[in-house]
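Student: I'm new to this one and a bit lost. Could you pick a single part, take a close look at it with me, and then connect it to the rest?

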Amino acid sequence: MGATFAVPNKPRKPKNIILMIGDGTGLVHLYAAYTAKGGQLNIYDYAKALGLSITASFDDYITDSAAGATAISTGKKTRNGMIGMDPDSSTLKTLFEEAFEKGISTGAVVTCELPHATPASFYAHQPSRKMYSQIAADMTLNPAASILIGGGLPYFDTLALKKAGYTVSIGTEAMERNQGKRQVCFTDTLKEPLPAPLRGPTLQKGSMHAIRHLSKNKKGFLLMIEGSQIDWGAHNNDSAHTIAEAIDFDNAAGEVLKWAQKDRNTLVIITADHECGGLTLHGYDKTRNRPVMHFSSGHHTAEPVPVYAYGPGSEDFCGVYQNTEIYNKMIRLLGL
Ligand code: MG
Ligand code: ZN
């Protein structure tokens, strides 16, 4: 008879998903970090599957972070600037809200203000990303969030947070002592969070604190971790800031991936909402120990962004697809 074929193992489904978003982080930003780290990147070491995400929004060839994150959090393309809403300003249920209804815990860790576009798109519904206090109020009242770690304290009503059942802490040390059932851990009291390396390893520590908290739920968890300021460095065409933030993001990814390797039930997806800066590398700068970085733009670009995946279900992320497919793939893998 004919040749026999090995029947592929039934792909395993993850219990938990950790979604890491490097804001504005194209292929080149991470390669710049790899170069500056002397030829090593945790994300490269662990990535088992690699895909490309097409990031255009509903109304623009080039997305902003609000439409970019809304595509990933809801599976719908929307207009630039809109948070968790469709192009007609109707509220969309986010993946995190759907998961919460099934008993799955959710959380977010970011290096920007918590009501900033990317984390907002997972927990808020507003027609404009600029509506910071309304977004903060949405996040406060959203029952889906079990832990929120980031900046932006001045935008929140801490009394309302406590009323909603959150234990509020300020600073990294207080965060690590925070044992509340629901937590908001502000990393600082500032309106604009500190850049890397001034803020210290808060992304790394926050990510692991969130994992320790969320993994208490036997039904599983979803965690979004954002390297928010890689984008800010690229907007400013600031090579040092871009590299420092990309390395900070990779350091956090290293801790997360090491944990996922031990856990064996967690899918880690590492991607971006869009590229920023039209970054190219033109050589190696020996005096600064980093690549010579050329930014062709001070804005986002249309370049598709890589999707790195590790863990059960990672093979689903191979290929070239729209950013909304990241949502569809997560929904399918979680059986929601
Ligand atoms: Mg962002
Ligand atoms: Zn940006």
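**A strand and its surroundings**

Tutor: Let's start at P197, which sits in the loop between β6 and α9 (202-214). Keep in mind that this is a predicted model, so everything I tell you is about that model. The peptide bond leading from A196 into P197 is cis, with omega near 0°. That loop comes after β6, and β6 is the part I'd like to look at closely.

Strand β6 covers residues 182-186. Five of its five residues are buried, so the rest of the structure largely encloses this strand. Now look at which way the side chains go. In a regular strand they alternate between the two faces of the sheet. In β6, R182, V184 and F186 point one way, while Q183 and C185 point the other way. Whichever way they point, all of these residues are buried.

Next, who are the partners of β6? One of them is strand β4 (residues 145-151), which runs parallel to β6 and is joined to it by four bridges. To find a spot where the two meet, click on G150: its bridge partner in β6 is F186. Strand β5 (residues 166-170) also runs parallel to β6, and here five bridges do the joining. On that side, look for V168, which stands opposite V184 of β6.

A good residue for seeing how β4 and β6 meet is L148, which belongs to strand β4. L148 has a relative accessibility of 1%, so it counts as buried, the cut-off being under 20%. Leaving out residues up to four places away in sequence, L148 touches A108, L114, Y123, Y166, Q183, V184 and C185. You'll recognise Q183, V184 and C185 from β6. Try R182 as well: L148 and R182 are 34 residues apart in sequence, yet their C-alpha atoms are 8.6 Å apart in space.

Let's step back from β6 for a moment. The protein has twelve helices and 14 strands, and buried residues make up 59% of its 336 residues. Among contacts with a separation of 6 or more, 71% are between residues 24 or more positions apart. The radius of gyration is 19 Å, which agrees with the value near 20 Å that a compact globule of 336 residues would have. Along its principal axes, the C-alpha trace spans about 65 × 60 × 40 Å. About 13800 Å² is exposed, and carbon and sulfur atoms supply 54% of that.

There are two metal ions to find as well. Begin with the magnesium ion (ligand 1), whose protein donors are D23 (OD), T118 (OG1) and E226 (OE), lying 2.0 to 2.2 Å from it. Along the sequence, these donor residues are spaced D-x94-T-x107-E. D23 is in the loop between β1 (16-22) and α1 (27-36), and E226 is in strand β7 (residues 221-227), so the pair ties together parts that are 203 residues apart in sequence. Both D23 and E226 are buried.

Then there is the zinc ion (ligand 2). D231 supplies two OD entries in its donor list, and H235 (NE2) and H300 (NE2) complete it, at 2.0 to 2.6 Å. The spacing of these donors along the chain is D-x3-H-x64-H. Here too distant parts of the chain are linked: D231 is in helix α10 (residues 230-235) and H300 is in strand β12 (residues 300-301), 69 residues apart. The arrangement around the zinc ion counts as irregular because the four donor atoms subtend angles of 54 to 142°. Both of those residues are buried: D231 has a relative accessibility of 5%, and H300 has a relative accessible area of 12%.

To finish, here are two loop residues for contrast. S89 is in the loop between α3 (65-74) and α4 (95-101), and its phi is near 65°, a positive value in a residue other than glycine. With 37% relative accessibility, S89 counts as partly exposed. N289, in the loop between β10 (279-285) and β11 (290-295), also has a positive phi, near 55°. N289 has a relative accessible area of 47%, which makes it partly exposed too. Set those beside β6, where five of the five residues are buried.

Methods:
Residues are numbered from 1 along each chain as its sequence is written. Chains are lettered from A and ligands numbered from 1 in the order in which they are written. This is a predicted model: local features need pLDDT of at least 70, side-chain atom pairs count only at pLDDT 80 or more; totals for chains, interfaces and linings use all residues. Side-chain values use heavy atoms; hydrogens and water are left out. Donors are N, O and S atoms within 2.8 Å of the metal (3.2 Å for Na, K and Ca); water is not among the atoms, so sites may look incomplete. Buried means under 20% relative accessible area, exposed over 50%, partly exposed in between (1.4 Å probe, protein chains only). Four donors count as tetrahedral if all angles lie between 85 and 135 degrees; four count as square planar and six as octahedral if opposite donors are over 155 degrees apart and all others between 65 and 115; anything else is irregular. The radius of gyration is taken over C-alpha atoms; the globule rule is 2.2 Å times the number of residues to the power 0.38. Contact means heavy atoms within 4.5 Å. Accessible areas come from the Shrake-Rupley method with a 1.4 Å probe; for residues, only the protein chains shown count as cover. Two strands pair if DSSP finds at least two bridges between them.
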